[in-house]
Structure formats: C-alpha cells, structure tokens
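Please open the structure in your viewer and keep the selection panel at hand. The tour goes from the ligand to the pockets, one selection at a time.

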Amino acid sequence: MNATLTDQEFELFKDLIYQQVGIRLDAPKKTLLVSRLGKRLRELGLPSYQSYFDCVSGKGGEEELTKLLDLISTNKTDFFREPVHFDFLREVVLPQVEATKALKIWSSASSSGEEPYTIAMTLHDALPDISRWDIKILASDISTRVLAKAAAGIYEEERISQVPKDVVRRFFLKGRGMQAGKFKVRPDVAQLVNFRRINLMDASFPIRSSLDVIFCRNVMIYFDRPTQAKLMEKFYRYLRPGGYLFIGHSESLQWIDHSFQYLQPTIYQKP
Ligand SMILES: C[S@@+](CC[C@H](N)C(=O)[O-])C[C@H]1O[C@@H](n2cnc3c(N)ncnc32)[C@H](O)[C@@H]1O
C-alpha cells in the first residue's frame, strides 16, 4: 500500500532538507518528494513517511540521510554547458597564470562530472605543454550517487551527442564489446580531476591552498538569499586575490551582499 505524505510530514522533511543542504522545497515540491521517496519507503518496507523521517533523522541514520539527499537532488548537467566560462578560462585566466604554470580550480557542484571534465579538456586543448603545468581540479558534490558516476568517467553515447566529434575523438575512449555505446574520459584528462563529497552548507571546506577559479553553477538557484550570501563569503575566503567565480546563467549575485567585483554576466572577481 502507498503511504500518504501529510502536510505535517512534508514540513518535517522540508526543515531537515533545508538544514542539511540549504534547499528550500516549496509546496509544489510535495509531489516531487512523494515520487522520489515513495519508492524508497516501499524498498525499506516502512509504513509511513513519519517512520522514514525517524529513520533518517535518528541515531545511525547518516547513511540513509545520504540516500535521501541523493534522491532529492537535481543533477542536470552537460559537457561544455554555458561555454562562456571555458572561453574565459582559456582567453583570460590562462595567460595570467602562464608565468607560474600553476592553476587550481574548484568545480563546487560538479554533478556527474561533465563540468570538471570539460575544464580538464579545455586546459588540455589550450596547453600543448600541459605536462609542465601544475594543474589541480577539485570536483565536489553533495550527492554520492553522482560522484560515483563522475569518478568512473564513463558516459552513454547520448550524453556526448552534443560534443564536437573531434573533441570526442581526442578526449574519450570508445567502448567495445560489453562496453559498446559507452565512452570513457581518457586517463590523461581524468587524472587532472579529484572528486570528493563536500556539502556547500558546511562552515568550512577541506581546501588548503587558495584557488584561482571557483565554478558554482546551477546550484545556488536552489538556495535562499541568506544561504547564498553565506556561501559567497566562504568562496571569497578560498579564492586568491584576483581569482574568479563563475555562476550559472540563470543565477545572479545582484540581490545579495558580497565583496566580489562584477566583470560580466555570471563572472565575478575577488579584488
Ligand atoms: C543542476 S546540478 C549543476 C551541475 C553543474 N554545475 C552544471 O552547471 O552543469 C546541481 C548539483 O548541485 C548539487 N548540490 C545541491 N545541493 C548541494 C550542496 N548543499 N552542496 C554541494 N552540492 C550540492 C546537486 O547534487 C547537483 O549535482
């Protein structure tokens, strides 16, 4: 039998999710919650949403809480999505760090890896002497499910259908036999990227050196303004002076307090 999600239970999940990941679910998202959590309830044989809530919020519920966050996150992404940032990286950022040949980039909501791998491909393309560079790309997300996919670096043909053919040829290995129809990011590209789970809501991040560029695209849209403002403060701390912040095209810092300098739509700099 299917359990019904009462308004009271919805409020419990809403508060828990906001506390954990900063995402505010509004009333229309009740249906989404039912469709994503209902299956999980049935798998666990739980009679009600309240009992599932008790399970994720109680002692020892961390693992199930991770699963819940996996289920509710929206992970839409693409290779070479919003290309202006990759052009900016090549045309503006690389000439500025050419002298030191060192570059640290953080893809802070990396989803299944398309964004950080696109960064790595852009750098490979632009730097014929890349082996002499010290490049580190940190890619993180809250969802362990997408991170596992990202770390494997294997994509269905349909996922790369928009990627230019010569890019596919240069940066992917085509699967054969059992792997036919799949494409794996080449090891020399993949080795530039390190994946780990980081929650953007955490007070501090496990990052020691100051970063040249932070990508934070298409995730802030799910956060309310106070949460966005706190995140901007933290990003500011982790960037080096002169470092850049890239946000998504449907996002803006216009309505929040921050110390970044606006350069052009979706691109900000720490003075
Ligand atoms: C729509 S995807 C964006 C992917 C990529 N940045 C892009 O623009 O194509 C948003 C990602 O943010 C992640 N996310 C949501 N809340 C988060 C949080 N509090 N900390 C870290 N990642 C989070 C989701 O799991 C999801 O993979």
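Begin by selecting the ligand together with N75, where an N or O atom in the side chain of N75 is 2.9 Å from an oxygen atom of the ligand. Keep in mind throughout that this is a predicted model. Add D141 to the selection, and you will find one of its polar side-chain atoms 2.6 Å from an oxygen atom of the ligand. Next show the backbone of R217, since here the contact involves a polar backbone atom, which lies 2.9 Å from a nitrogen atom of the ligand. If you now switch on a surface, consider how much of the ligand the protein buries: taken alone the ligand exposes 610 Å², and 99% of that is buried by the protein.

Widen the selection to the residues that surround the ligand, of which there are 21, the closest being T77, R81, A109, D141 and N218.

Now turn to the largest pocket, whose volume is about 610 Å³. Its lining comprises 33 residues, and to find its centre you can select I23, T74, N218, V219 and Y222, which are the closest to that point. Colouring the lining by class will show 13 nonpolar, 10 polar and 10 charged residues. Where does the largest pocket lie with respect to domain 1 (7–72) and domain 2 (84–154 + 185–269)? Both domains give residues to its lining, so the largest pocket lies between them.

For the last stop, select K104, I105, K136, I137, L138, N194, P206, I207, R208, S209 and L211, which line the second largest pocket, a space of about 250 Å³. Showing the cartoon here brings in strand 1 (102–107) and strand 2 (134–141), each of which supplies at least two residues of this lining, while the largest share, three residues, comes from strand 2. Coloured by class, the lining of the second largest pocket has six nonpolar, two polar and three charged residues.

Key
Residues are numbered from 1 along each chain as its sequence is written. This is a predicted model: local features need pLDDT of at least 70, side-chain atom pairs count only at pLDDT 80 or more; totals for chains, interfaces and linings use all residues. Side-chain values use heavy atoms; hydrogens and water are left out. On a 1 Å grid over the protein atoms alone, a cavity is a set of points where a 1.4 Å probe fits but cannot get out, and a pocket is an open set with protein on both sides within 12 Å along at least five of seven lines; lining residues have an atom within 4 Å of a point. Grid points are joined across faces, edges and corners, and a volume is the space filled by probe spheres set on the points. Ala, Val, Leu, Ile, Met, Phe, Trp, Tyr, Cys and Pro count as nonpolar, Asp, Glu, Lys and Arg as charged, and the others, Gly among them, as polar. Domain bounds come from an automatic or database domain assignment. Helices (H or I, at least four residues) and strands (E, at least two) are DSSP runs, numbered from the N terminus. A residue is near a molecule or strand if one of its heavy atoms lies within 4 Å of it. A polar contact is a pair of N or O atoms within 3.5 Å; within protein, one must be able to donate a hydrogen and the other to accept it, and residues adjacent in sequence count only if both atoms are side-chain atoms. Accessible areas come from the Shrake-Rupley method with a 1.4 Å probe; for residues, only the protein chains shown count as cover.
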